[in-house]
Amino acid sequence: MSSASAVKEDRLWQRHAEMAKLGGTPKGGVNRQALSPEDAAARNLLASWAKARGFSVSTDAIGNLFVRREGTDAQAKPVMSGSHMDSQPTGGRFDGMFGVLAAFEALEALEDAGIKTKRPLVAVAWTNEEGSRFQPGAMGSAVFAGHNKLEDMLVVKDWKGVVLRDALADTLKAAPAPMRKGKPGFAIDGYVEAHIEQGPRLENEHKTIGVVTAIQGSRRYIVEIDGEEAHAGTTPRAARKDAFAAATRIAAAMYEATADKDDTLRFTIGRVEVMPGSPNTVPGKASFTIDMRHPQDAVLEAHEKKLEQIVASRAAPCPATITRVTNVAPTDFDRTVIDLVRAKANALKLSNMDMPSGAGHDAMHIARLCPAGMIFVPCERGISHNEIENATPSDLAAGTRVLVEVLEALANR
Ligand code: GLV
Ligand code: MN
Ligand code: MN
């Protein structure tokens, strides 16, 4: 029996359904934000499945969760696969979770087929990929890869002021796992991440598998504006220092400056806060986030300069600052892994196409450590970061069949 033929579509689908109950929302999505009780519940469920199969479970100081199936050579560096179990506040049930469950299914399929690999295989659930509660996103993989320092991440606060160190401690108390010694990060020989595409191309082109070649670069910022609180009924316009009015001038100029002709640059203001948030007080403070992405770092760099100029020129009479929170350069995946994914998809007679990723993924950090790649499967109408996100059992199983074949090959290198 080949490893691909040991993949069980029903089991994989059932596991998605079980996980979707944790933080499940009325519209069929999930709210399972990083280091929440729902995140802890997902960790416990994955660990219970792992233990039932005789795989070992461990965690590290940033809460990444590892499930390990031994190889025949105990000294050999492992091959890793996985993604994340945290979600957006109004997230779908497949974003991230598919990559974790596909990796786990791959371990189970090899076990069921009685196939031994030379290298150990590790399924991983990275901490806080979404970055919607704690910034930056892809945090667990960034710390694992040395892109961010553990100490800097432990002091990060969420929007309510909860410190990550405390949320992490609560999570690991609720979902205990043996702690790996030392700082996060260990040597791995290869990494492959399965994910739903989160865009419409595969569906539009009637392809089952996306052979992912690259991930575009991304930068995030926070813009903070100081105004002066004043009475809404009495204060003339000339006397106002309205922080929100300044924010709207800045935002409008930014939308204009980032509207490129070929529609490649992605610019999003996704979170706005206005203080004190009272209908009859002129806002004394306003802040908003910016998420900006492009395949070329030089374009991001040039637009960063434009954003800085806009903040400097449009905020008056309110002082304003723009702070970069994250900067991840574009990622090119490893040629050998890309070719292997394509070859395995072809061998399984699955229609496929090469494509870059518009979304960010943990693979962008791990690709700096070892040969890495990704496998995409279609999602309905390309909708993601939305509770109605959907994918079919057969596409998920197809992506997992490609994944297990690729992992088996890498683990015998
Ligand atoms: C991940 O969810 C991203 O924002 O690309
Ligand atoms: Mn994701
Ligand atoms: Mn996401």
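Donors to a metal are taken here as N, O and S atoms within 2.8 Å of the ion, and with water not among the atoms a site may look incomplete. With that in hand, the metal site of this predicted model reads quite simply. Asp-95 acts as a bridge between two manganese ions, ligand 2 and ligand 3, which sit 3.6 Å apart. Asp-95 belongs to the loop between β3 (79–84) and α3 (97–112), while His-195 is in strand β5 (residues 190–196), so the pair links parts of the chain that are 100 residues apart in sequence. Both Asp-95 and His-195 are buried.

Around the manganese ion (ligand 2), the coordinating atoms come from His-84 (NE2), Asp-95 (OD) and His-195 (NE2), at 2.0 to 2.3 Å. Read along the chain, the donors of this ion give the spacing H-x10-D-x99-H.

Turning to the pockets, the second largest one has a volume of about 190 Å³. Strand β7 (217–226), β10 (272–275) and β12 (285–294) are the elements that each put two or more residues into its lining. The largest share, four residues, is from β7. Among the lining residues are Ile-222, Glu-224, Ile-225 and Asp-226, along with Glu-273 and Met-275. Lys-285, Ala-286, Ser-287 and Thr-321 also line this pocket. Sorted by class, the lining of the second largest pocket is a mix of four nonpolar, two polar and four charged residues.

Technical notes
Residues are numbered from 1 along each chain as its sequence is written. Chains are lettered from A and ligands numbered from 1 in the order in which they are written. This is a predicted model: local features need pLDDT of at least 70, side-chain atom pairs count only at pLDDT 80 or more; totals for chains, interfaces and linings use all residues. Side-chain values use heavy atoms; hydrogens and water are left out. Donors are N, O and S atoms within 2.8 Å of the metal (3.2 Å for Na, K and Ca); water is not among the atoms, so sites may look incomplete. Buried means under 20% relative accessible area, exposed over 50%, partly exposed in between (1.4 Å probe, protein chains only). On a 1 Å grid over the protein atoms alone, a cavity is a set of points where a 1.4 Å probe fits but cannot get out, and a pocket is an open set with protein on both sides within 12 Å along at least five of seven lines; lining residues have an atom within 4 Å of a point. Grid points are joined across faces, edges and corners, and a volume is the space filled by probe spheres set on the points. Ala, Val, Leu, Ile, Met, Phe, Trp, Tyr, Cys and Pro count as nonpolar, Asp, Glu, Lys and Arg as charged, and the others, Gly among them, as polar.
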